[in-house]
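Here is a short report on a ligand site and one residue in the same protein. Look over the structure first, then read on.

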Amino acid sequence: MANHHEVRRNMEPIDEYIKISGLYKTYVTPNGPLEVLKGIDLTVRKGEIFGIIGFSGAGKSTLVRCINRLEKADAGSIKVGGVEMLSLSKKELLQKRKKIGMIFQTFNLFEARNVYRNIAYPLEISGVPRKEIKRRVLETAELVGLSDKLKDYPGGLSGGQKQRVAIARALINKPKVLLLDEPMGALDSFSRADIQDKLLELHKENETTMILVTHDVDEAIYLSDRIVIMTPRPGKISEIMDINLPHPRHRGGTDFLYLRRTILEKLHLVSALPEPEYII
Ligand SMILES: Nc1ncnc2c1ncn2[C@@H]1O[C@H](COP(=O)(O)OP(=O)(O)OP(=O)(O)O)[C@@H](O)[C@H]1O
Ligand SMILES: [Mg+2]
């Protein structure tokens, strides 16, 4: 029933929680205009993990940065929970952003703040009382396994630990939407698998709607409910692929490998011809 009410309140069907229509973005560069997004249409359902994969320069970061208006779109519409992001005032935007967590391709941590104060940052700037900040930072740090690192500074952390700080900071406001821009890009494959499972756990608990940008096909299949491929110059998106595999997904499973091959074919990274089954 709760879902039903939500549909009514927002006057938007629940399966169009994030709705991007006709989105255009051109950068002005010294070499002339660079058309990066050309009429992107995309709908993300409430509570789903929506994967976007594509080559470097396809416009993936630009697209997610347009969603929370870190980047200004030239034309189009971006609705999040029924609210048009592109027509929000500055004040309304700050309010809305509290419900949209972002994890950046680079960690973007504050080097001069310790882990505690990095995680606390979004609460500090919105004037949350100190006691409440403490309670929530401790709770979130525990969630991502950072409880014993709160006094450390980013300079002394491993890549995986830094990424956990970025995740904790993105989660501190209990966002309804998480924008993840290659969150595991800088991690080794062991930390990566660990954080992927952590994200799935958090997703299951909170039913956060996630947009996951990645260039790692396996990661996209392991985490996503649906996947699109973004092709560059100008950035366009392919048809949507449903990933109907139950969790936990087995990276070596037949269905998994089939999907992997299908996506690699679409990316033209493997030929569509059958390859010999064994090489060694
Ligand atoms: N602020 C900017 N000014 C000018 N050009 C930009 C700017 N930001 C991005 N671009 C250009 O826009 C294109 C898309 O960039 P974007 O960062 O969105 O790609 P991406 O798909 O995220 O790539 P990657 O996988 O390498 O992160 C690139 O050609 C990039 O050089
Ligand atoms: Mg990027």
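How do the residues of the shell around ligand 1 divide into nonpolar, polar and charged? This is a predicted model. In it, the shell divides into five nonpolar, seven polar and two charged residues.

**The ligand site**

In total, 14 residues surround ligand 1. The closest are Ser56, Gly57, Lys60, Ser61 and Thr62. Three pairs of atoms link oxygen atoms of ligand 1 to N or O atoms of the protein, as listed here.

| Residue | Part of the residue | Distance to an oxygen atom of ligand 1 |
|---|---|---|
| Alanine 58 | backbone N or O atom | 3.1 Å |
| Serine 61 | side-chain N or O atom | 2.8 Å |
| Glutamate 182 | side-chain N or O atom | 3.1 Å |

On its own, ligand 1 has 630 Å² of accessible area, and the protein covers 65% of it. Strand 1 (18–29), strand 2 (32–44) and helix 2 (60–67) are the elements that give two or more residues to the shell. Helix 2 gives the most, with three residues.

**Glutamate 71**

Now take the loop between helix 2 and strand 4 (75–80), where glutamate 71 is found. Is glutamate 71 buried or exposed? Its relative accessible area is 17%, so glutamate 71 counts as buried, the cut-off being under 20%. What does glutamate 71 touch, leaving out residues up to four places away in sequence? The contacts are Lys25, Tyr27, Thr62, Arg65 and Cys66. Of these, Thr62 is also one of the closest residues to ligand 1.

Methods
Residues are numbered from 1 along each chain as its sequence is written. Chains are lettered from A and ligands numbered from 1 in the order in which they are written. This is a predicted model: local features need pLDDT of at least 70, side-chain atom pairs count only at pLDDT 80 or more; totals for chains, interfaces and linings use all residues. Side-chain values use heavy atoms; hydrogens and water are left out. A residue is near a molecule or strand if one of its heavy atoms lies within 4 Å of it. A polar contact is a pair of N or O atoms within 3.5 Å; within protein, one must be able to donate a hydrogen and the other to accept it, and residues adjacent in sequence count only if both atoms are side-chain atoms. Accessible areas come from the Shrake-Rupley method with a 1.4 Å probe; for residues, only the protein chains shown count as cover. Helices (H or I, at least four residues) and strands (E, at least two) are DSSP runs, numbered from the N terminus. Ala, Val, Leu, Ile, Met, Phe, Trp, Tyr, Cys and Pro count as nonpolar, Asp, Glu, Lys and Arg as charged, and the others, Gly among them, as polar. Buried means under 20% relative accessible area, exposed over 50%, partly exposed in between (1.4 Å probe, protein chains only). Contact means heavy atoms within 4.5 Å.
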